[in-house]
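Reader: Please take me through the structure shown here, one question at a time.

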Amino acid sequence: MPLPGSSRISIPSQYMSEQPTDNQNPETAMARELIEQTGANLFLTGKAGTGKTTFLKQIVKESPKRLIVLAPTGIAAINAGGMTIHSFFQLPFAPFVPGTSYNGDAKYRFHFGREKLNIIRSIDLLIIDEVSMVRADLLDAIDDVLRRFRRHDLPFGGVQLLLIGDIQQLPPVIDNDTWQLLSPYYDTPYFFSCRALKEAPFCTIELKKVYRQSDAQFLNLLNHLRENTLDKTMLAELNKRHIPGFDPPQSEGYIRLTTHNHQAQAVNRSKLDALPGKTYKYKADVKGNFPELSYPTDFELELKVGAQVMFVKNDISGEHRFVNGTIGEITALDDHHIEVRTVNGNQPVNVEPMEWANAKYVLDEDSKEIVEQIDGTFVQFPLKTAWAITIHKSQGLTFDRAIIDASLAFAHGQAYVALSRCRTLQGLVLSAPLPSSAVICDTCVQQFSENIHHNAPTPELCARLQRQYFLSLLSDLFDFLPLEHRLRHVTRLTDEFLYRLYPELLQEYKTESERFNTALTQVGERFANQYQRMVAATDDYTADHALQTRLKQAAGYFSEQLEPLRDLVDRTNPDVDNKEVRKRLQQAFGDLSEDIRRRIDLLRHVGLKGFDVPGYLRAKALLNIETPKTKKKKAVPVTPQTSPDISDPELYTKLVNWRREKAAQLNQPAYTILQQKAILGLCRETPHDKKDLLQVPYIGKATVEKYGDELLAIMITKGSKKH
């Protein structure tokens, strides 16, 4: 079961790699250690078939961190059990130019709902699968959004990244016009040229053990193809698999891989039309939101007896009759049933319609965990005609037998992806010789690949990163300088806009700012030196009794010292006439109030339970979630009934309510009825007649003529209650 705080995202089994779990794999073990016990960013790479998707599955299932899984395309997102990058972050498909903002486009705004904001603010780990297809500017756009709604001073808002993919496989799609726009800002279109990554160094772990192929000769050829070191002798060895006019019987289950979609479509249509018998059509049942580009097979599936098909989902019966990529032949069908004999199967398989889910991330209101909510479903027979498919759509699949036409390969890694789909060299047939021109390897990718070993973590580095992460979380808790900066920002706004209306309130904030610096910020800095020495003094710092005792004591002290500030903020949210100023003040006071609340609650958690990384992350994530109650409190100004600048809070409330009702009746702004300064003056002067009213600052003859009787009635009512 996932530990508390994990996302509990379920990845459909049909999209899981068939590689087995290998607990003895040292690269996998180190990758897990980095992700679960440090805050370091990780690029997990490896040749095709090395178990990258299996690793993703395990992290999602078992990590104590709150995480989401994203991918660059709809198909890749469905395969990874997550969402597309554009969908989750609500990004347009336009290029992101560094130094600008999507907000410049009048059609686009970052209008995230409360639930999406809660997820963004509470995640610890962002996983991006198939990162080879992610453009550098898209990764910078993610950085822009995360900084906007988390910590603006940290790359990706302080979120840990797990980037999974093989850059020797399919590259990002970019046309000439887009590259002309982006090339002044990026060396390459690949993700590793992202500007934000230059501020957020990442470790690289390359999975070495290949599970898909076991033929040493074939593995050697694939490695040289991948690394662009294929010499003439090796190319000639590969081209021995060219068999001119090869036309195997369909019973052998060969699938043809093509470079272009029209080639695959032409082959499939020609083969299907050539078959005798009736064509049956099966329409998918699509409900909710399921983008057409993410359909796992045809919306309207056309089949005949004798058609070669490929399963596009794993068998969920538990009998393992087929997996995603299994080739078979239609042996019988009618309007509602399809029977398929797989290449290696003894008995025909009665195929039933199956369901795919298009999910989005939501917060469970009860558990406060990030969970997947089904946004739409696609129900169809898990088949597609498969005499041919494109190399692009074959990425992630495995075949026993394939006829490959990569002679017209036009993109980096395309030939490698095609050939590496096969388990064995004997199961691979080239429909045309592979020319050296088809082995395309981008030189910038090659250069990056040659240097990734410099980022490989050692056990010593992992231990150091774990200690750094532990200390960074302690600093997150006991560093009060950011909170002091927010307090001083509120004080400056009060001084700028409220010094005449609320001079005594301003003085309270100035006094509190100085007390905060002495009692919290300076003490926190001294305590940081203390816990850093204690952590450095022992290897087993996570279980050190003396350290835990000291942390609990400090948490108790600081939570107590924060109470006076919380009391001051809770009882002051002053009202002003200017709408824009009022909005700015409400935002500043609201943000300060939320920061104080979260910090006090975190300190109390540590004071009660001590400090451990999983527990702290869980508590922090829950406290970063804004509840509806909290949001309501921020949205509605709190009347400063206990402010020292308001001599009569009860009268003040009556006058404010009267002004609000009068403004609503007349459909006018409240300040045109009576200025805020006049309300404060009425509370101080408490006039008894119209002559007294005229002596109150900011009340003139026109106001007395219009509203004098009503104001005096409020005064008299108040006065009678005093007696």
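**Salt bridges, cores and a cavity**

Author: This is a predicted model. Glu 484 has a relative accessibility of 4%, so Glu 484 counts as buried.

Reader: Which residue does the side chain of Glu 484 meet in a salt bridge?

Author: Glu 484 lies in helix 16 (residues 481–498), and its partner sits in that helix too, four residues apart, about one turn of the helix. The N to O distance of the salt bridge is 2.8 Å, and the partner is Arg 488.

Reader: Is Arg 488 buried, partly exposed or exposed?

Author: Buried means under 20% relative accessible area and exposed means over 50%. Arg 488 has 25%, so the class is partly exposed.

Reader: How far apart along the chain are Glu 710 and Lys 662?

Author: The side chains of Glu 710 and Lys 662 form a salt bridge at 3.1 Å, N to O. Glu 710 belongs to helix 26 (residues 701–722) and Lys 662 to helix 22 (residues 649–666), so the pair links distant parts of the chain. The separation is 48 residues.

Reader: Which of these two, Glu 710 at 32% or Lys 662 at 12% relative accessibility, counts as buried?

Author: The cut-off for buried is under 20% relative accessible area. Glu 710, at 32%, is therefore partly exposed. At 12%, the buried residue is Lys 662.

Reader: Which residues are joined into one network by salt bridges that share partners?

Author: By the rule used, the model has 29 salt bridges. Some of these share partners, and the network they make consists of Arg 486, Asp 591, Asp 595 and Arg 598.

Reader: Which residues have the most contacts inside the largest nonpolar core?

Author: The largest nonpolar core has 74 residues. One of its most connected members, Phe 478, touches residues beyond its neighbours within four places in sequence, including Phe 527, Leu 551 and Leu 603. The residues with the most contacts inside the core are Phe 478, Phe 558, Leu 655 and Leu 682.

Reader: Which helix gives the most residues to the lining of the second largest cavity?

Author: The second largest cavity has a volume of about 60 Å³. Two helices, helix 9 (216–226) and helix 13 (414–419), each supply at least two lining residues. With three residues, the one that gives the most is helix 13.

Reader: How many residues of that lining are charged?

Author: The lining includes Gln 168, Arg 226, His 412 and Tyr 416. Its residues divide into seven nonpolar and four polar, and the charged ones number one.

Key: Residues are numbered from 1 along each chain as its sequence is written. This is a predicted model: local features need pLDDT of at least 70, side-chain atom pairs count only at pLDDT 80 or more; totals for chains, interfaces and linings use all residues. Side-chain values use heavy atoms; hydrogens and water are left out. On a 1 Å grid over the protein atoms alone, a cavity is a set of points where a 1.4 Å probe fits but cannot get out, and a pocket is an open set with protein on both sides within 12 Å along at least five of seven lines; lining residues have an atom within 4 Å of a point. Grid points are joined across faces, edges and corners, and a volume is the space filled by probe spheres set on the points. Ala, Val, Leu, Ile, Met, Phe, Trp, Tyr, Cys and Pro count as nonpolar, Asp, Glu, Lys and Arg as charged, and the others, Gly among them, as polar. A nonpolar core is a set of buried Ala, Val, Leu, Ile, Met, Phe, Trp, Tyr and Cys residues joined through side-chain atoms within 4.5 Å. Buried means under 20% relative accessible area, exposed over 50%, partly exposed in between (1.4 Å probe, protein chains only). Contact means heavy atoms within 4.5 Å. A salt bridge is a side-chain nitrogen of Lys or Arg within 4 Å of a carboxyl oxygen of Asp or Glu.
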